[in-house]
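Dear colleague,

Please find the structure below. I would be grateful if you could look through it before reading the notes that come after it.

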Amino acid sequence: MDKKTFYITTTLPYVNADPHIGFALELVQADVIARYHRARGEEVVFNMGTDEHGIKIYRKALEAGQDPQTYVDEYAAKFEKLLKALNISTTNFIRTTEPRHQAAAREFWDRCLQNGDIYRAAYKTKYCIGCELEKTDSELENGRCALHPNLLIEEIEEENYFFKFSKFQKPLLKFYKDHPDFVLPEFRFNEIKSFVESGLRDFSISRLKEKMPWGVPVPGDEKQVMYVWFDALVNYISTLGWPENKKHFEDFWGTAAESNAVQIAGKDNLRQQSAIWQAMLMSAGLPNSKQILIHGFVGVDGQKISKSLGNVVDPFPIVQKYGLDAVRYFLLREIPSGEDGDFSEKKLVERYNGDLANGLGNLVQRVATLIDGNMDGELIYNASIIDKELIGTVEEIQKKYDEHIGSFKLHEALADVWALIGAANAYINDKKPWSLVKENASEFLTVMTNAVFLVYRIANMLESFMPDTVNRIRETFGAEPVIPQIDGYKFLIKKGEGLFPRL
C-alpha cells in the first residue's frame with residue numbers, strides 16, 4: 001500500500017449492560033486519534049465492536065428469559081447507536097459471535113497449540129464473574145474483587161485447557177525493554193512491568209460446555225468452549241480478515257518489522273491488553289501491538305460509578321441535552337487522558353459557558369459579525385499581510401499540540417488550542433478593528449485577514465476533537481470543504497447563530 005497506514009482499536013464492551021459515560025470516554029479518545037491520523041493523509045482502520053461470550057452473558061440471558069444470541073443482538077445494537085450519537089468515525093465493527101471471528105479464534109488456538117503453548121490439566125481457582133478473570137488471594141479485598149465488591153467470588157474446579165503464560169515472562173520483559181513507550185502513560189507501563197517481573201501463572205483458556213455452553217467451540221474437543229478472554233482478544237485481528245486476508249492484516253496490523261496497531265483501553269484492561277494479549281501474539285507467531293494507551297475511570301460527582309448507588313450516567317440524554325460536541329469537549333478536556341476523572345453536569349455547564357460560549361463561540365461570532373457587517377461578508381485572503389509574530393505563535397502552539405497528541409495527552413492538546421483561542425481574542429481586543437472601519441480601512445482589512453487566519457488554524461486543530469463544530473465554522477466562513485490557506489481565496493462570511501449559546 002502506497003499510503004501510510006494506521007490502525008486503532010478500542011476494547012470491546014461486554015454486552016451485559018447499557019452503554020455508560022466511561023466507555024463514551026474511550027470512544028471519543030480513540031476517535032480523536034483516528035481523525036488526527038486521517039487528517040495527516042494516512043489510511044486509517046478504526047475498530048470497535050462487542051464482546052458477546054462468557055458465563056456472565058449466559059447468565060444474564062437466562063435471567064432475561066432469552067436465548068443468548070437474541071440477548072447479545074439487542075445490546076450490540078445499543079453500542080452501534082452510541083457510535084452514531086457520539087459521531088465516532090469507526091471503519092470496523094466486529095462482534096465475537098460472528099462466524100468470521102469464531103473461525104479466526106479457532107485458527108489462533110490451533111497455532112498456539114501447534115507451538116506447544118496449550119495443554120490440558122485439572123485445576124481449582126477463585127473466579128470473579130464481573131471481571132471474567134481468575135483471582136489470587138492477594139488480589140482480593142475482604143474476600144471480594146476490588147472492582148466488583150458486590151459480587152461473590154466463585155470457585156471453579158474442573159479440567160480445562162491452559163495457556164503457557166509463564167513461558168513468556170522473559171520475552172515480554174525483553175519486548176518492554178525494546179519498546180520504551182509501549183504503554184502510555186508511563187506509570188501504567190511501570191505497573192505492567194512489575195506484574196510480569198513478579199512471575200506469571202499459566203491460566204485456563206477453556207470451560208466445560210455442559211456447564212457453560214455459550215462460547216467458541218475448542219477445535220478438536222466438542223466438550224469444551226474457549227474462555228471468553230482468549231476468544232475476545234482475537235477480535236483485534238479477526239476484524240482485519242485474519243488469517244485469510246494476509247495483505248490487509250499486514251498493511252494495518254503490521255509485520256514483524258513494523259507494527260501499526262494502537263490499542264486504547266481502561267486501566268482495568270491493562271494486564272489483558274499489554275501482557276496476556278501480547279504473549280498470545282508471540283505464541284501464534286504474530287507481530288505485537290505497537291502501543292497500548294490506558295485511560296482511567298470516570299467517577300460521577302466525586303463518587304465511583306455504581307449501579308447500587310444509582311449514579312450510572314447514560315450518555316444519550318446528556319448528548320441530547322447539551323449537544324454532541326459539548327459532551328465530547330468536556331470528556332476530552334476535563335478528564336486527563338491517562339488518569340481518573342470526574343463527570344458532573346455542573347462542571348459540564350461551567351466548561352460550556354467558560355470555554356465554548358465565551359472562548360471559541362465568542363471568537364468566531366465577533367470575527368464573522370465584523371466582516372459580515374462591514375465588508376458585506378467578503379474577504380479575499382492575502383497571505384503576505386499575515387503578522388509574522390502571529391505565525392510564530394501558531395506554529396509554536398501547533399508543535400506542542402502535535403507532541404501532546406503523540407504522547408496521549410489529549411486534554412493538554414485541547415489546552416493548546418484554547419491558548420490559541422485566547423491569543424486570537426487578545427489580538428482582536430488589542431487591534432480594536434471596530435474603531436478602524438472608518439479611520440483606516442486598509443488596517444481594518446489587515447486585522448480581519450489575520451483574524452480569519454487564526455480562526456481557520458484553530459478550526460483545523462479542533463477538527464479531530466469537535467468535527468461538527470468545525471463544520472459549522474466552515475459553513476459560517478463559506479469555506480467548504482476546508483478552510484484554505486491560499487492567496488486569492490474569497491471567503492463569504494455570514495454571521496449566523498452563535499456556536500454555543502450560553503446556558
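The notes below cover the model, its core, a cavity and a sheet.

This is a predicted model, in which local features need pLDDT of at least 70 and side-chain atom pairs count only at pLDDT 80 or more, while totals for chains, interfaces and linings use all residues. Residues are numbered from 1 along each chain as its sequence is written, and side-chain values use heavy atoms, with hydrogens and water left out.

The largest nonpolar core (buried Ala, Val, Leu, Ile, Met, Phe, Trp, Tyr and Cys residues joined through side-chain atoms within 4.5 Å; buried means under 20% relative accessible area with a 1.4 Å probe, protein chains only) has 165 residues. Among those touching the most other members are Trp253, Trp418 and Phe465. Helix α17 (residues 441–462) gives this core its largest share, 13 residues; helices are DSSP runs of H or I, at least four residues, and strands are runs of E, at least two, numbered from the N terminus. Beyond its neighbours within four places in sequence, Phe465 has contacts (heavy atoms within 4.5 Å) that include Val32, Arg328 and Tyr401.

Lining residues have an atom within 4 Å of a cavity point on a 1 Å grid over the protein atoms alone, where a 1.4 Å probe fits but cannot get out. The lining of the largest cavity includes Gly361, Gln365, Thr476 and Glu497, and helix α13 (residues 345–374) supplies the largest share, three residues.

Finally, an open sheet of three strands runs in the order β17-β16-β18, with mixed pairing. Its edge strands are β17 (303–304) and β18 (341–343), and Gly299 stands opposite Lys304 in β17.

Yours faithfully

Methods: Pairing = 2+ DSSP bridges. Buried < 20%, exposed > 50% of the residue type's maximum accessible area, 1.4 Å probe, protein only. 1 Å grid on protein atoms, 1.4 Å probe; cavity = no way out; pocket = protein on both sides within 12 Å on 5 of 7 lines; lining within 4 Å.
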